[in-house]
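I opened a fresh notebook page for this one. My plan is to go through the empty spaces, the cysteines and the charged pairs, jotting things down as I look them up.

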Amino acid sequence: MRSFHIPATDPNEHPESLALALLTVLQAHASHATYDDLAVALGLAFMTCGDRDEPDVAAFADLARDVALEPAAELFGVRVRPLHSRTTTETLTASPEFALHFRDSYVPLIQRAVAHGQPVLAWRGWPTPADRNWGLVTEADAAGGLRGVVPGCPDVVPLDSAALQCYVVEEVAARSPAPADILACGAAGLARLDEECADHGTRVAGAFAWRLWGDRLRSVSDGDDSGLAPHRSLARRVCANRQTAGRWLARWAEVANPSRAADQALIEIVRALVAGLQQVIADLETSGPAAAGEALAACAEADGACLSALQRVTR
């Protein structure tokens, strides 16, 4: 098994653990991919998701991160195989029954993969403070113990409870895709997420996720700082992702076609959206839910324009 090390990055600037875990795989194979490349290809730089059954707004930022994982990984030369389908695992919870099922059914599969030099991308099951992160299982023992690396933990740590989603990294032949293909992959992932949400009652994306977020924010009372804290967490995460999109788009436009009007329009929309999200964060810190709600509504409108512009650019 190769040596895998999670890149040392600022979690406030690079918050997406799946992008970091996949980057860890690629860097072990001498890839020149960046975090921004992967966050865009996975659709995370543009994603807003929510769940009507999830009481914690901050947890919205962890939903559906792998919606474009298989095509995005393939784009960079990584073949991954899901151990069970996304639609099956979306509704799983960390229950005792599932923990037993994971131990009996999936731990042997992960052990076999690791024994053949194939690390496994895993969501959840890692120790606090990384318990909601994606990580990479790289070690296994005969007794069923699994260990690996995960953003948020500096050393190799155990997978100490059931992971809710797992993908075996079967083969890596690292390559550098064209920027247009990276952006198109992310846009296709977002479209796929919209289709999945249309088929499932509680999960929402795009405009519906912004509306759910706004409804939750309006239910918070003035002066309820603990009630606002999850909204601050989500706003920072979404803002960091849009900043990733802005950085990547600006770099691509300089290299690919700096005069193309559609690309420049998308960059300007993303910049305005970042500014709007920064205002939401400021209002959540100082002005309360009413002012933050108004700023959030403006962001929702800007995000709709952003997604429309993204589809135009990637046609």
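**Entry 1: sorting residues.** Before I look at any lining, I need my classes: I count Ala, Val, Leu, Ile, Met, Phe, Trp, Tyr, Cys and Pro as nonpolar, Asp, Glu, Lys and Arg as charged, and the others, Gly among them, as polar. I also remind myself that the model is predicted.

**Entry 2: the cavity.** Rolling a probe the size of a water molecule over the atoms shows where empty space is left. How many cavities of 30 Å³ or more turn up? I get 1. The largest cavity has a volume of about 60 Å³. I wrote down its lining: M47, T48, C49, F60, A61, R65, L234, R237, V238 and N241. With my classes, that lining splits into 6 nonpolar, 2 polar and 2 charged residues. Helix 8 supplies the largest share, 4 residues.

**Entry 3: the pocket.** Next I looked for open space. The largest pocket comes out at about 960 Å³ in volume. I count 46 residues in its lining, and P11, P15, N133, P151 and G152 are the ones that lie nearest its centre. The lining divides into 24 nonpolar, 11 polar and 11 charged residues. Which element gives the most to this lining? Helix 8 does, with 7 residues. I find that helix 1 (17–27), strand 4 (134–140) and helix 8 (225–256) each supply at least two residues. I note that helix 8 also had the largest share of the cavity lining.

**Entry 4: helix 6.** I checked how far this helix reaches. Helix 6 covers residues 179–199, which is 21 residues, and spans 31 Å from its first C-alpha to its last. That is close to the 30 Å expected at 1.5 Å a residue. Which of its residues are buried? My list reads I182, L183, C185, G186, A187, G189, L190, L193, E196 and C197. I see a charged name, E196, in that list, and two cysteines, C185 and C197.

**Entry 5: cysteines.** I went looking for disulfides and the count came to 0. C49 is in no disulfide, and the nearest cysteine sulfur, that of C197, is 5.0 Å away. My cut-off for a disulfide is 2.5 Å between the sulfur atoms, so C49 and C197 do not make one. C49 has a relative accessibility of 5%, so I log it as buried. C166 is in no disulfide either, with the nearest cysteine sulfur, that of C153, 17 Å away. C166 is buried too, because its relative accessible area is 2%.

**Entry 6: salt bridges.** Side chains of opposite charge can pair when their charged atoms come close. I count 21 salt bridges here. I picked a few to follow up.

R65 pairs with E16, the closest N and O atoms being 2.6 Å apart. R65 sits in the loop between strand 1 (49–51) and helix 3 (69–75), and E16 in the segment before helix 1, so this pair ties together parts 49 residues apart in sequence. Are R65 and E16 buried or exposed? Both are buried. I met R65 earlier in the lining of the largest cavity. I also find E16, D62, R65, R132 and R237 linked in a network of salt bridges.

E171 and R79 meet in a salt bridge at 2.4 Å, N to O. E171 is in strand 7 (residues 165–172) and R79 in strand 2 (residues 78–82), so the pair ties together parts 92 residues apart in sequence. I log E171 as partly exposed, at 42% relative accessible area, and R79 as partly exposed, at 37%.

R81 forms a salt bridge with E170, the closest N and O atoms being 2.7 Å apart. Why do I say this pair ties distant parts of the sequence together? It is because R81 lies in strand 2 and E170 in strand 7, parts that are 89 residues apart in sequence. R81 is partly exposed at 36%, and E170 is partly exposed at 26%.

**Entry 7: one last contact.** I found V149 in strand 5 (residues 146–149). At 7% relative accessibility, V149 counts as buried. V149 and I6 are 143 residues apart in sequence, yet I get 6.6 Å from C-alpha to C-alpha.

Note on methods:
Residues are numbered from 1 along each chain as its sequence is written. This is a predicted model: local features need pLDDT of at least 70, side-chain atom pairs count only at pLDDT 80 or more; totals for chains, interfaces and linings use all residues. Side-chain values use heavy atoms; hydrogens and water are left out. On a 1 Å grid over the protein atoms alone, a cavity is a set of points where a 1.4 Å probe fits but cannot get out, and a pocket is an open set with protein on both sides within 12 Å along at least five of seven lines; lining residues have an atom within 4 Å of a point. Grid points are joined across faces, edges and corners, and a volume is the space filled by probe spheres set on the points. The expected span of a helix is 1.5 Å times one less than its number of residues. Buried means under 20% relative accessible area, exposed over 50%, partly exposed in between (1.4 Å probe, protein chains only). A salt bridge is a side-chain nitrogen of Lys or Arg within 4 Å of a carboxyl oxygen of Asp or Glu.
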